[in-house]
Amino acid sequence: MKRRSALAVFGAGLALTLAACGGGGAGSDTGSGDSNESANASDITIGVAMPTQTSERWIADGNNVKAGLEAAGYKVDLQYANDDIPTQSQQIDQMITKGDKLLIVAAIDGTALSSQLSSAAAAGIKVISYDRLIRGSADVDFYVSFDNYNVGVQQGTSLLTGLGLLNADGSPGTATGPFNVELFAGSLDDNNAQFFWDGAMDTIQPFIDKGQIVVKSGQTKIDQAAILRWQQETAQKRMEDLLTSAYGDGSKVDGVLSPYDGISRGIITALQNAGYGAGQTMPVITGQDAEIASVKLINDGVQYSTIFKDTRNLADEAVKAASAMVEGEEPEANDTETYDNGVKVVPSFLLESQIVTKDNVTSALVDTEYYTQAEVDAGKAS
C-alpha cells in the first residue's frame, strides 16, 4: 500500500539524518565520544510490543514502526499479544532477557506492566509508551500519542454537527432538539479512554444542560458507558440492551457518541437489527481510527464520522524518539505537563487528529495516500 512506501521513504531519510547530525547517528563513526553512542544500528534490536491483531489499526502501527526502525538500520522484535495481558507481559520479559536495547510498548492494560518496566530499567533499557500511556511506573521514559483530549472534543463536535446543533464552523446550527443520544466509552484499562470521554463530554454537556440532548437511558457515567477491550461484540450487546430498556416505548435514537470505529460497527449492527437504516433514519454515530470498514460506512451514509489519526506520523515520531534515546540523547517533547501516569509526568510528543465525514473522505484519506479509492469503495485494505 502507498502508505507503507511513504514510511519507507521516511525511514531512509531518517537514516541519512542520523548519519549527518552533529552528534553522530546510529552506525556513524565520528572518531570521538562514547563507544555505545557510535555502535552500529545493525547490532541493536528494538522490541516493539503491540496489543492485538484483531484491529487493523494496530497491525498498521506495528508494521509502520517496524518498517521505520528497519529503514534506520535497526533490528526489530515485533510481537502482538492478542489482547491477553499475561502474553504481553511474557513477551516483554523475553525482550528484556534477549537484551533488546529499547522497548516501544502499546499496552493492553496500562497498569499491568510495572514489574516488566522495573526489570527494563535495571537492565538500562529505555521504554517508550506508544499511544496508550503506561501507568503506575516511574520507568516510562517517553510517550508518543495524539492529543487525546482533543480527539474527544472532535468526537463531541462531530456529533453536534451531525445533529445540526452546530455548523461546521462551530457556530450554532438551526436545529434545537431535543435529541435522544446514547453514550459509549472505551476500555477503562486504557488511559486514553478517559481523555476521549472528558473531551467529548466537556463538549456536549452544555447541550445536555440546556435540554437539547437527552440521554434517555440515564447512563451518563464513564463506568456505565465503558466497553472492555473496545470489543465490537460487547458494544453491540450494550446497544441492544439500551434499545430494549430505554426505547421500547417507540422513541428513537438520534445520535450515539462512540469513541472507536469497532465499537461503532457493533452499535450499527444492533441498530440495523432493530430496523434503523431501513425504515428508520440511522442515528448520527461517531468513531475513531478511520478503519477502512468504517470509512466505507461513512461513504455509504451509515456512520456519520470518524477521527483520523495518521498513524504513519505516530510511527515516525516513535522511530525518531527511539533513535535519539539509543544515541543517548533526549527525544523532542512538545508536552511536559499533561500526561501524569500516577508516579511521574511523562514527557510526550503529541500529534493532531482530524474529523472525517463523507464530505472529506477523499481529501483526508485518499489524497494523502492513506487509502486508495478502490479500498474505500470496497471497505477493505489491499
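**Reading a predicted model, one question at a time**

User: Where does N82 lie?

Analyst: N82 lies in the loop between β2 (75-80) and α3 (85-97). Please keep in mind that this is a predicted model.

User: What makes the phi of N82 worth a mention?

Analyst: The phi of N82 is positive, at about 55 degrees, although N82 is not a glycine. W230 is another non-glycine residue with a positive phi, in its case about 60 degrees. You will find W230 in the loop between α7 and α8.

User: Why is W230 called buried?

Analyst: The label applies under 20% relative accessible area. W230 has 10% relative accessibility, so it counts as buried.

User: What makes F196 and W230 an edge-to-face pair?

Analyst: Two values decide this. Ring centres must lie within 6.5 Å, and planes over 60 degrees apart count as edge-to-face. For F196 and W230 the centres are 6.1 Å apart and the planes stand at 70 degrees, so both conditions hold. F196 belongs to helix α6 (residues 191-209) and W230 to the loop between α7 (222-225) and α8 (232-246), so the pair ties together parts that are 34 residues apart in sequence. F196 is buried, as is W230.

User: How do you know that F308 and Y370 are edge-to-face?

Analyst: The reasoning follows the cut-offs of 6.5 Å and 60 degrees. The ring centres of F308 and Y370 are 4.8 Å apart and their planes are at 70 degrees, so this pair is edge-to-face. F308 lies in strand β10 (residues 306-308), while Y370 is in the loop between α12 (361-366) and α13 (373-378), so parts 62 residues apart in sequence are tied together. F308 and Y370 are both buried.

User: How many aromatic pairs are there by this rule?

Analyst: The count comes to six. Ring pairs also join Y143, F195 and Y339 into a cluster.

User: Why is the contact between R57 and D61 called a salt bridge?

Analyst: The cut-off is 4 Å between a side-chain nitrogen of Lys or Arg and a carboxyl oxygen of Asp or Glu. R57 and D61 meet at 2.5 Å, N to O, so they satisfy that limit of 4 Å. R57 and D61 are four residues apart in helix α2 (residues 56-71), which means about one helical turn separates them. R57 and D61 are buried.

User: What makes R57 and D289 count as a salt bridge?

Analyst: Their N-to-O distance is 3.8 Å, so the 4 Å limit is met here too. This pair links distant parts of the chain, with R57 in helix α2 and D289 in the loop between β9 (284-285) and α10 (292-299), 232 residues apart. Like R57, D289 is buried.

User: Which residues are linked with R57 in a network of salt bridges?

Analyst: The network consists of R57, D61, D131, D289 and K309. In the whole structure, a search finds 16 salt bridges.

User: How do you know that the charged end of R57 sits over the ring of W58?

Analyst: The distance limit for such a contact is 6 Å from the ring centre. The charged end of R57 is 4.0 Å from the centre of the W58 ring. K216 lies over the face of Y247 in a similar arrangement, at 5.3 Å from the ring centre.

User: Why are K66 and E70 called partly exposed?

Analyst: That label covers values between 20% and 50%. K66 has a relative accessible area of 27%, so it fits, and E70, at 38%, counts as partly exposed as well. K66 and E70 form a salt bridge, with their closest N and O atoms 2.7 Å apart. They are four residues apart in helix α2, so about one helical turn lies between them.

User: What makes the peptide bond from G177 to P178 cis?

Analyst: Its omega is near 0 degrees. P178 is in the loop between α5 (148-163) and β6 (179-183).

User: Where is the pLDDT below 50?

Analyst: The chain averages a pLDDT of 90, and 90% of the residues score at least 70. Over residues 1-38, however, the pLDDT is below 50. Among the elements, helix α1 (residues 2-20) has the lowest mean, 39, and strand β8 (residues 255-257) the highest, 99. Where pLDDT is low, the predicted coordinates should not be read in detail.

Conventions. Residues are numbered from 1 along each chain as its sequence is written. This is a predicted model: local features need pLDDT of at least 70, side-chain atom pairs count only at pLDDT 80 or more; totals for chains, interfaces and linings use all residues. Side-chain values use heavy atoms; hydrogens and water are left out. pLDDT is the predictor's confidence in each residue, from 0 to 100. Helices (H or I, at least four residues) and strands (E, at least two) are DSSP runs, numbered from the N terminus. Contact means heavy atoms within 4.5 Å. Buried means under 20% relative accessible area, exposed over 50%, partly exposed in between (1.4 Å probe, protein chains only). Rings of Phe, Tyr and Trp (its six-membered ring) pair if their centres lie within 6.5 Å; planes under 30 degrees apart count as stacked, over 60 as edge-to-face and the rest as tilted. A charge sits over a ring if NZ of Lys or CZ of Arg is within 6 Å of the ring centre and within 35 degrees of the ring normal.
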